Amino acid sequence: MSDDFDLLETDSSSQKQEKVEVNWGKAVDQMKSKLAQEDDPEMRQKILNATLDDVVHMAEKDRTSLLDAIKDLTDYQDEVGIIFEKFSTLNAEEQKVIDDAQKALERARLALEDAENVKDNWWNNLWGRKSRIKKRQEELAAAQKVREGADLKAKQMFQQRIENADIQTLLSELSYKSQAAVTRLKNREVEIKEVEDKLQDAIVEASKNHTKALEKKKETEEKLEEQYALLKQARAALEEIADKQSTEYSEAIGKITELEQKVEELEGLKNAYTTLAASKDSFVHKHNLTIKVLTSLRSNLQTHRAKLKSDTDERLKYYDGYVVALKARTDQEFAAILEHLGVKTDEHIGQTLASMHSASARARQEMMDNIPVHEKVMQGVYSSYAEALQEIREKDQAIQKDFADRYGIDMKEIFEEYYASDGNAPSGDEPSETPDNPAPSGDDDLLG
């Protein structure tokens, strides 16, 4: 195992502290209440009766729960004063909002410094030094306002993005928050350790002062006893002076007053040193109690940090497995859909091919069955044609006879010739004879 593997390491020299004013409020209770609502008595039955479709709904529930948790954690960060962008994975667009606002703020601050660095004399003031400083101050105030609003804007963009984020993105965000929390716990341990060290120094100092106060008290008490003795002697000497109006009596009174003042001062010092010694002794115990509490808290933080760091490292692999499992489930469902579609397509193609074959055979049968029918129909056609032709011939004979009877012209040869040639072609032979009985003049007009 590597020598630098120490989950409980606390080294203030290697950590950059991040001191944040924390207002705990009811945030912890709210988070505990959220987590307590996750119990599900039907879990076993769901696992026993699970199908791939059920997994889809369970995964969606996981996504919804993660989304709610991320939102709650983000709100929790605001309540306890944790800086938003240090505990959330911002994408390039969200981070750019903050970076641009920060750069603009820095530019405005430098511009103000440049304006203020211009020498303050009547010539520069004449050319607008003071007005430029005022303008740069206004620009700095505006840039500061934009910078303060950039965090809120980036947070809103972040919330909108994760609203429709997939479960892999949400798991990554949760892991990032855990890793950021590990760093925060480490920084808090460093801060506590530094306070412990200061309190240890304070205990040593308080103990020294307590000892000094006791020593001074003892010295003062010794001086006080001397002054009490001198005062007693002075008062006794005063009583021995008979002449109350004498200079000796006045001097004795003055000496007693001076001794009484010294006694009063020493009594005051004695009380001060007594109070100071008691105060220092009290703070020694208070500091010692505070150190015990802080050490206990730091130990608990180390425990939480060590477990969170270790568990987060393992969870990253665990989450990877979960995400891959979800993808595998999707692929499995996709393969099942393709298989289902393939089977249906095979069925449809088989049905179509079978229908083609049966239709073709049926068409062949119908064709064979229709041959006699077709012949029968054609027989009827030919029969009707023969009958019609017979009727035409008989009518032609009647017409020939009628012409012969009426005009003395034998039309048989003409009709036979007509049927032997194209009936529409004009004949080149002219009649050699004219009728004996010419037609009336009216017929001649119709034929002319």
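This is a short talk on the fold, the cores and one surface patch of the chain shown above.

A caution to begin with: the model is predicted.

Start with secondary structure. The chain has 10 helices and 0 strands. Along the sequence the order reads α-α-α-α-α-α-α-α-α-α, so there is little to describe in the way of topology beyond that string, and I will move on.

Next, packing. Of the 448 residues in the chain, 22% are buried. The accessible surface is about 32,900 Å², and carbon and sulfur atoms account for 54% of that surface. As for contacts with a separation of 6 or more, 84% are between residues 24 or more positions apart.

Now the interior. Which residues have the most contacts inside the largest nonpolar core? They are Leu66, Ile70, Phe158, Ile162, Leu170 and Leu171, in a core of 14 residues. At least two residues of this core come from each of α3 (52–80), α6 (129–163), α7 (167–240) and α8 (247–407). Another core lies apart from that one. This other core has 11 residues, including Leu224, Ala234, Ile241 and Ile256.

Last, the surface. Trp122, Trp123, Leu126 and Trp127 form a nonpolar patch there. Together these four residues have about 580 Å² of accessible area. Take tryptophan 122 from that patch: it lies in helix α5, which covers residues 122–126. Is tryptophan 122 buried or exposed? Its relative accessibility is 63%, and the cut-off for exposed is over 50%, so tryptophan 122 counts as exposed.

That is the end of the talk.

Technical notes: Residues are numbered from 1 along each chain as its sequence is written. This is a predicted model: local features need pLDDT of at least 70, side-chain atom pairs count only at pLDDT 80 or more; totals for chains, interfaces and linings use all residues. Side-chain values use heavy atoms; hydrogens and water are left out. Patches are made of residues with over 30% relative accessible area and no salt bridge: like charges are joined within 9 Å, nonpolar side chains (Val, Leu, Ile, Met, Phe, Trp, Tyr) within 5 Å. Accessible areas come from the Shrake-Rupley method with a 1.4 Å probe; for residues, only the protein chains shown count as cover. A salt bridge is a side-chain nitrogen of Lys or Arg within 4 Å of a carboxyl oxygen of Asp or Glu. Helices (H or I, at least four residues) and strands (E, at least two) are DSSP runs, numbered from the N terminus. Buried means under 20% relative accessible area, exposed over 50%, partly exposed in between (1.4 Å probe, protein chains only). Contact means heavy atoms within 4.5 Å. A nonpolar core is a set of buried Ala, Val, Leu, Ile, Met, Phe, Trp, Tyr and Cys residues joined through side-chain atoms within 4.5 Å.
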